[in-house]
Amino acid sequence: MRIEVALTDARRDELLRQRWRILNDARPWHVHSLRVPKQYTTGHYRCWVESSAIGDIAVSEQYGDAVEGVIGMKRATERRTVVHIMNSGGLSLTEAGRTVHVPPGTLCVRDAQVPREFAYRPGSRARVLLLPSEALADTGLDQLPSLTLISQNAPEARLLTGQLHLIRRTRGDLSPAGVRAAQQSVLQLLAGAIMARGVSADSAFRPSLRAAARDCVEARLLDPHLSPAEIARTLSVSVRTLHRAFTEADESLMAYVRRRRLERAREELVAMDGRYTVSAVAARWHFADVSHFSRSFKRQFGENPSSFAQ
């Protein structure tokens with residue numbers, strides 16, 4: 001179904017809301033307000049939505065121009081979870097004055113009950129799932145955070161998107177038993193992606209962000225370009241959000257990087273039993289020079305690295 005509204009029409013926002021309600025008539029309505037940003041005054045607002053279902057999971061392919069409003073299902077009798085798989089454009093979600101950006105290449109899982117301001121960028125394209133939260137909890141998730149981000153490059157996320165693509169192609173040929181199995185497969189893959197790769201943007205779940213950042217560091221300790229900006233990009237969060245997650249930890253993110261590089265350097269000096277020079281190990285673990293490495297090493301371990309390189 002397609003929507004087109006002239007931006008010069010004085011009733012453009014009212015018309016837009018009416019047509020979106022028609023589009024979503026068969027599903028729980030979770031948009032409280034909907035409007036085109038004021039800076040757009042010429043031409044037309046356009047979007048299209050292609051809807052389908054996998055059992056109790058409503059699926060829609062969406063594309064549209066810039067739009068904003070407020071979402072939330074506080075009065076719903078059944079809790080719902082919304083999943084956005086962003087392919088182009090971008091989505092911003094604001095709650096209590098804090099904004100989380102969902103760029104292309106990101107999978108966003110959120111509690112549909114929580115009121116938030118939202119804004120789609122022009123040319124936003126996404127696959128959106130609306131599903132019962134209880135069904136997702138039944139997969140074994142201990143707790144559903146209110147807002148979770150997952151990189152679409154994560155193996156678990158790639159499995160989920162691949163499965164959704166396959167189901168879309170075969171949905172018309174599936175038996176009722178096949179539809180139930182397809183629904184369970186989507187729920188299990190989504191739960192697996194959340195548990196393995198989910199980075200919560202909810203402050204109550206900052207430990208999950210710290211754990212994900214540390215996992216990223218461990219995988220890239222030898223990378224000379226490892227930085228907060230690179231880690232934030234990998235985890236689809238802002239650098240500010242990443243640093244904020246470490247304010248409650250015993251050490252900052254880069255202090256963790258330095259400590260782990262020193263620990264790995266010490267392991268190598270011990271294992272190689274003098275076959276590596278101190279300067280070679282310092283260069284391998286990206287210390288600026290041997291003196292800097294030696295000072296840092298002694299502060300950390302109370303002894304000089306040269307004692308391991310005899």
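This briefing covers strand pairing and one helical residue in a predicted model. Strand E3 (residues 44-54) pairs antiparallel with E1 and also antiparallel with strand E4 (residues 57-64). Elsewhere, Arg 233 lies in helix H6 (residues 228-235).

**Strand E1 and its two faces**
- In a regular strand, side chains alternate between the two faces of the sheet.
- Strand E1 (residues 2-6) shows such an alternation, with the buried Ile 3 and Val 5 pointing to one face.
- Arg 2, Glu 4 and Ala 6 point to the other face of E1 and are not buried.

**Pairing of E1 with E3**
- E1 and E3 are joined by five bridges and run antiparallel.
- Glu 4, whose side chain is not buried, has Arg 46 as its bridge partner in E3.
- The buried Ile 3 stands opposite Cys 47 of E3.

**Pairing of E3 with E4**
- Eight bridges connect E3 and E4 in the antiparallel sense.
- Cys 47 stands opposite Gly 64 in E4, and Cys 47 is also the residue of E3 opposite Ile 3.
- Two residues lie between the strands in the E3 and E4 hairpin, where Gly 55 adopts a positive phi near 65°.

**Arg 233 in helix H6**
- Arg 233 counts as exposed because its relative accessibility is 55%, and the cut-off for exposed is over 50%.
- The C-alpha atoms of Arg 233 and Ser 151 are 9.2 Å apart in space, while the two residues are 82 residues apart in sequence.

Notes: Residues are numbered from 1 along each chain as its sequence is written. This is a predicted model: local features need pLDDT of at least 70, side-chain atom pairs count only at pLDDT 80 or more; totals for chains, interfaces and linings use all residues. Side-chain values use heavy atoms; hydrogens and water are left out. Helices (H or I, at least four residues) and strands (E, at least two) are DSSP runs, numbered from the N terminus. Buried means under 20% relative accessible area, exposed over 50%, partly exposed in between (1.4 Å probe, protein chains only). Two strands pair if DSSP finds at least two bridges between them.
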